[in-house]
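Here are my notes on this model. Please read them with the coordinates open.

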Amino acid sequence: MRVYYCLLALLFSLPVSAGTIPGSKSSSGNWKISAYTHDPTGKFSHCAMNASYDGGDTLHFSVNADATVSIGISNRLFRFTPGETFPVVLKVDKRAPFYGQAQALGPDFAFLKLPDFDRAMTAFKKGYRLTVDTGTRLGVYNLKGTFRALETVKQCAVAYIRYADAPKATGSTRTVANSGDKSLLYQIATGMITEAGVKDFRYFTTAELETMGFGDAVFWTSPSASLVGGVLLTDAVPGQDLRDRDAQDIHEITSGCKGDVLSGARGVETADLPMREIRVICTDDKLTQETIVSKVLWGNKILYTTLIFVDDGENVAAEGKDRRAMSEDVTIRAASFLPAEE
């Protein structure tokens, strides 16, 4: 079965992804640098830098809040299974190698966390050539410019280590309303799957969801239908209606797209609950991904339902079906599972 190499965009498709700390973006040579929080806590997570190489690979380094260093590699041609692990050996020049288990955060991105902070920083800052060996793939990367860039990332982490901005301070609705109990979400997800007419599917495991940063959501995938679905219940910002959130929702969805983007938002007429739909189409030379996110206001909470259709030239998601009508039906059915307001 094909793995959706664009599924990494899922990390940006719901309002629970890590946020960039305002004013933290900078650069050092070819390296782009930013600081991030881990939502919904709003606390500092890591400072990261990345640069692209010939051949399509992007190399990532981060200094994390737990005093570790992570290294990651992404490439749109990778075909990882999200959550899978595999052995990797890192060599910098003639220094002693690093051994560990890399983990796929998405289909086109994998990373390795290194607990030996000082040895890792010294090697990556002072080294000239990095070799990454997975047993099936060998990558070689020039480390020119990493000394200054990594020093900047380290200082970034020092500067933001105590950063703890509450999500609501930026008008976000990312605070999860049903933390710890996902029984209602699984009921809703089951209804979504039935309404979508999916015959084969699997739920993402808890480990996979936590790895991707979606520990409080429920997501499922149907490889044969080239379809991914998900559901999340969040707190609403007092005094803010669904339309006020449209621009931020669109930004969060499109931030994961590296190709051309078409987006829009509209209100949907329902008998009982206010509802809006965000639609984003991302296209490049490899595939077209259409993301439809519907949101329903339920008292002081918002129910988000997501359908991601992936057309990769070999498979066409939900072929012959009206996707917007499917999304509306899915959302209305999902909303029917919500208990009556007290």
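The points below cover a sheet, the helices on it and a disulfide.

1. Status. This is a predicted model. Please read each point with that in mind.

2. Sheet order. The sheet is open and has 7 strands. Their order is 12-13-14-18-17-16-15, and the pairing is antiparallel.

3. Edges. Strand 12 (202–203) and strand 15 (260–268) stand at the edges. Each has a single partner strand, so one side of each is left without a neighbour in the sheet.

4. One pairing in detail. Strand 13 (residues 218–222) runs antiparallel to strand 14 (residues 227–235), and 5 bridges link them. In one of the bridges, serine 222 is partnered by leucine 227 of strand 14.

5. Helix 3. This helix (residues 183–196) packs on the sheet. It touches strand 12, strand 13, strand 14 and strand 18 (301–311). The direction of helix 3 makes about 145° with that of strand 14.

6. Helix 5. Residues 246–254 form helix 5, which also packs on the sheet. Its contacts are strand 15, strand 16 (275–283), strand 17 (288–298) and strand 18. Helix 5 makes about 30° with the direction of strand 16.

7. Disulfide. The structure holds 1 disulfide. It joins cysteine 47 to cysteine 156, with S to S at 2.0 Å. The torsion about the S-S bond is about -70°, so the disulfide is left-handed. Cysteine 47 lies in strand 4 (residues 43–52) and cysteine 156 in helix 2 (residues 146–160), so the pair ties together parts 109 residues apart in sequence.

8. Burial. Are the two cysteines, cysteine 47 and cysteine 156, buried or exposed? Both are buried.

Conventions
Residues are numbered from 1 along each chain as its sequence is written. This is a predicted model: local features need pLDDT of at least 70, side-chain atom pairs count only at pLDDT 80 or more; totals for chains, interfaces and linings use all residues. Side-chain values use heavy atoms; hydrogens and water are left out. Two strands pair if DSSP finds at least two bridges between them. Helices (H or I, at least four residues) and strands (E, at least two) are DSSP runs, numbered from the N terminus. Contact means heavy atoms within 4.5 Å. Axes are lines fitted to C-alpha atoms, for helices over the stretch in contact, and angles run from 0 to 180 degrees between N-to-C directions. A disulfide is a pair of cysteine sulfur atoms within 2.5 Å. Buried means under 20% relative accessible area, exposed over 50%, partly exposed in between (1.4 Å probe, protein chains only).
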